[in-house]
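The following exercises concern backbone geometry, strand pairing and pockets. Each task is followed by a worked solution.

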Amino acid sequence: MSALARYFSNIRDSVSTTVEGLKVTTRHLWTVKPTTVLYPEVDVEASLPERYRGFLVNEVEICTGCQLCARACPIDVIYIELEKNEETKERFLTRYDIDLGRCMYCGLCVEPCPTGSIHFTPQFEGARHNLGDLYRRFIDEPLPVYKNPKKPKPVAEESKGEES
């Protein structure tokens, strides 16, 4: 292929791919509804998907202190400290902190939680001047850990037969 033929071939390819791209753009321009919303006048949180990952929070009132969330975190942004009262054998949460400035919102900490105490909220306005302001403390004073109520034992098939 001569240099002149290659030159015109490149121009033809450029024009055809540009026209193809314009077709796609034009099709989306008339068929797809725009997703841009007028923020902050519109309630954006109401339109977020159900599984949206906003801020990570812990409802410490139902936290068992099992530390599964901290162990699941790949970058160690969850800090938990527990104390045990030797007389009553009761355990207390003395520290539950999450460094949201380092969190990568992977959700690995949420999955193993037996009570669902750690979860994502739909809140997304996290702009801060100082990165340290994203460090969240959830406990001010020692808090007894939540004891997950045990499930009732299933009735054995044998005892069902004896009753009837």
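**Exercise 1.** Locate D76 in the predicted model and state what is notable about the phi of D76.

*Solution.* Begin with the position: D76 belongs to the loop between α3 (68-72) and β2. Next, take the backbone angle: the phi of D76 is near 55°, a positive value in a residue that is not glycine. Most residues other than glycine have a negative phi.

**Exercise 2.** Describe how β2 and β3 are paired, and characterise K89 in the turn of their hairpin.

*Solution.* First, the pairing: strand β2 (residues 78-84) and strand β3 (residues 91-99) run antiparallel and are joined by 7 bridges. One bridge sets E83 opposite its partner F92 in β3. Second, the connection: 6 residues lie between the two strands of the hairpin. K89 is placed in this loop and has a positive phi of about 60°, although K89 is not a glycine. Third, the accessibility: K89 counts as exposed because its relative accessibility is 53%, and the cut-off for exposed is over 50%.

**Exercise 3.** Which two residues does a cis peptide bond join, and where does P40 lie?

*Solution.* The cis bond joins Y39 and P40, with omega of about 10°. P40 is found in the loop between α1 (3-31) and α2 (44-47).

**Exercise 4.** Characterise the largest pocket by volume and lining.

*Solution.* Its volume is about 210 Å³. The lining of the largest pocket comprises 13 residues, with E50, R51, Y52, R53 and F120 nearest the centre. Sorted by class, the lining has 6 nonpolar, 5 charged and 2 polar residues.

Technical notes: Residues numbered from 1 in each chain as written. Predicted model: local features only at pLDDT ≥ 70, side-chain atom pairs only at ≥ 80, totals over all residues. Heavy atoms only, no water. Pairing = 2+ DSSP bridges. Helix = DSSP H or I, 4+ residues; strand = E, 2+ residues; numbered from the N terminus. 1 Å grid on protein atoms, 1.4 Å probe; cavity = no way out; pocket = protein on both sides within 12 Å on 5 of 7 lines; lining within 4 Å. Points joined across faces, edges and corners; volume = space filled by probe spheres on them. Nonpolar A, V, L, I, M, F, W, Y, C, P; charged D, E, K, R; others polar. Buried < 20%, exposed > 50% of the residue type's maximum accessible area, 1.4 Å probe, protein only.
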